[in-house]
Each structure stands twice: as C-alpha cells, then as structure tokens.
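Reader: I should like to learn how to read a structure of this kind, feature by feature. May we look at it together?

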Amino acid sequence: TYGKTPLMLSMLGGIVGDEAVQGAMSAYTKAWSFKHPSPWDFVFFMNNALKQDLGWFWYYWLWTTESVDGRIAKVATAGARTTVTVQQDGQMPSPIVLKIKFAAPGTALASVTGATVRTVDPQTAIVTWPVDVWFNGNRTFDAVIQTGRAIESMTLDPMCRFPDRNPNDNLWP
C-alpha cells in the first residue's frame, strides 16, 4: 500500500497535471485533518477538487490489481503521414504520451488531431492523446502524425509516469 500511493499520485499528475493534484491534496488534508475518511471520501473529494469524474481511475487503483501495459506495436509511414499503433496489453488505461525525435531539426510539429503537442527542441516533440481513447473498448489506437520529417525514434511514456508492466516495448525502433 505504501509503495502504491506515490505511483497512483504520479499517474494522476500525468493525467490532470501535477499542480492540480498538489492543490487538491492540500485541500483534502485541510478538510480531513484529524478525521477518519473512507476511500470513498477521498475519491469524492478529489473528483470535486479536480472537477472531473475520475471513477475509472479510482476503480483501477483502489479496487483492482490491474496494471498499465502499453507498447508500440507498429509504425508505418506513407508519405508525410506516420501511423503509430499503440497496443494496450494491460487492463488499466492511461494516456498515450509519445516522445518523437526527428532525424533532423526542422519546423515545429503542427497540430495533431485529438492530441496536444509540446515542442521540446527543434528535433523533439511530445504528443499526448487523452486516456479516453481507450474508453470505446478497443485494445489498439492508431496515433496519426502528419509531418514531412523523418522520425528517428519514438518513446511511449517517456517520463515514466504510468507504471508500465513491461517498459522495454515502449521504444521504437
């Protein structure tokens, strides 16, 4: 239990942002100091403080022993379009975060449908699709990236925010 809690809060920070989690935890501590909260009190408080229904998240972390296990299953390039197939082998869903390193510096990666893009440097971008891409029941997701630049490498969950059962299959090539 003691080792699981920091992993849970780290993953939650990877989903909603670290500052939001820190603020919600601070408010929770003030509201529940010297009281006897149940797990449900924690869940309801955090959902309200974070202004999201995170029932799926709490279910997996607090009431199951399921794990995250994503992997880069396939990468296919056709012209300026690269399709990265991400496979979810575990039962616990997590956002898809890809660190893309281009072969050469160039223009910043344009917007990606359904994702947020953060440029790290002229050769590197972090592209994030929300966790709800898994909520339709599919076990694979095709992350489509439109760019005319050659991709040198990709890493799934580059910051290791989601405790993946087998991180060795998160790299391409």
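Author: Certainly. Let us begin with an enclosed space and the character of its walls. The residues lining the second largest cavity divide into 5 nonpolar, 4 polar and 2 charged. Please bear in mind that this is a predicted model.

Reader: Which residues line the second largest cavity, and what is its volume?

Author: A lining is read as a list of residues around a space, and the list is then compared with the elements of the chain. Here the second largest cavity has a volume of about 30 Å³. Its lining consists of Phe102, Thr107, Ala108, Leu109, Thr119, Asp121, Pro122, Gln123, Thr124, Ala125 and Arg149. The elements that contribute two or more residues to that lining are E4 and E5.

Reader: How many cavities of 30 Å³ or more does a search of the whole structure find, and what lines the largest cavity?

Author: The search finds 2 cavities of 30 Å³ or more. About 140 Å³ of space lies in the largest cavity. Two or more lining residues come from each of strand E2 (81-88) and strand E3 (96-102), and E2 provides the largest share, 3 residues. In total 17 residues line the largest cavity, and Val68, Gly70, Ser94, Pro95 and Leu156 lie nearest its centre. By class, this lining has 10 nonpolar, 4 polar and 3 charged residues.

Reader: How is a pocket to be read, and which residues line the largest pocket?

Author: A pocket is open, whereas a probe placed in a cavity cannot get out. The largest pocket holds about 220 Å³ of space. Its lining is made up of Gly13, Gly14, Val97, Thr116, Val117, Arg118, Ile126, Thr128, Asp157, Met159, Arg161 and Phe162. Helix H1 (4-16), strand E4 (116-121) and strand E5 (124-129) each give two or more residues to this lining. Among the elements, E4 gives the most, with 3 residues. The classes are 5 nonpolar, 4 polar and 3 charged residues.

Reader: These elements should be placed in the whole chain. What pattern does the chain follow along the sequence?

Author: One reads the elements in order from the start of the chain. This chain has 4 helices and 8 strands, and they follow the pattern α-α-α-α-β-β-β-β-β-β-β-β. The C-alpha trace spans about 60 × 30 × 25 Å along its principal axes. Of the 173 residues, 39% count as buried. Among contacts between residues at least 6 apart in sequence, 64% join residues at least 24 apart.

Reader: Which residues have the most contacts inside the largest nonpolar core?

Author: A core is read by its size and by its best-connected members. The largest nonpolar core has 45 residues, and those with the most contacts inside it are Leu12, Phe57, Trp58, Val84, Ile96, Leu98 and Trp129. Leaving aside residues up to four places away in sequence, Trp129 touches Pro95, Ile96, Leu98, Val112, Thr113, Gly114, Ala115, Phe141, Ala143, Val144 and Ile145. Phe57 and Trp58 are also among the buried residues of helix H4 (residues 55-63), together with Trp56, Tyr60 and Trp61. The buried residues of H4 pack against H1 and helix H3 (39-50).

Reader: Loops seem harder to read. Is Thr147 buried or exposed?

Author: For a loop residue, one asks where it lies, how accessible it is and what it touches. Thr147 lies in the loop between strand E6 (140-146) and strand E7 (151-156). Thr147 counts as buried because its relative accessible area is 10%, and the cut-off for buried is under 20%. Beyond residues up to four places away in sequence, Thr147 touches Ala80, Arg81, Phe102 and Leu109. A polar atom of the Thr147 side chain lies 3.2 Å from the backbone nitrogen of Arg149.

Reader: What should one look for in the backbone itself?

Author: Most residues other than glycine have a negative phi, and most peptide bonds are trans. Phe34, however, has a positive phi, near 65°. Phe34 lies in the loop between helix H2 (18-32) and H3, and is exposed, with a relative accessible area of 86%. Lys51 also has a positive phi, of about 55°, although it is not a glycine. Lys51 lies in the loop between H3 and H4 and is exposed, at a relative accessible area of 72%.

Reader: Which peptide bond is cis?

Author: The bond from Trp172 to Pro173 is cis, with omega near 0°. Pro173 lies in the segment after strand E8 (171-172).

Definitions and conventions: Residues are numbered from 1 along each chain as its sequence is written. This is a predicted model: local features need pLDDT of at least 70, side-chain atom pairs count only at pLDDT 80 or more; totals for chains, interfaces and linings use all residues. Side-chain values use heavy atoms; hydrogens and water are left out. A nonpolar core is a set of buried Ala, Val, Leu, Ile, Met, Phe, Trp, Tyr and Cys residues joined through side-chain atoms within 4.5 Å. Buried means under 20% relative accessible area, exposed over 50%, partly exposed in between (1.4 Å probe, protein chains only). Contact means heavy atoms within 4.5 Å. On a 1 Å grid over the protein atoms alone, a cavity is a set of points where a 1.4 Å probe fits but cannot get out, and a pocket is an open set with protein on both sides within 12 Å along at least five of seven lines; lining residues have an atom within 4 Å of a point. Grid points are joined across faces, edges and corners, and a volume is the space filled by probe spheres set on the points. Ala, Val, Leu, Ile, Met, Phe, Trp, Tyr, Cys and Pro count as nonpolar, Asp, Glu, Lys and Arg as charged, and the others, Gly among them, as polar. A polar contact is a pair of N or O atoms within 3.5 Å; within protein, one must be able to donate a hydrogen and the other to accept it, and residues adjacent in sequence count only if both atoms are side-chain atoms.
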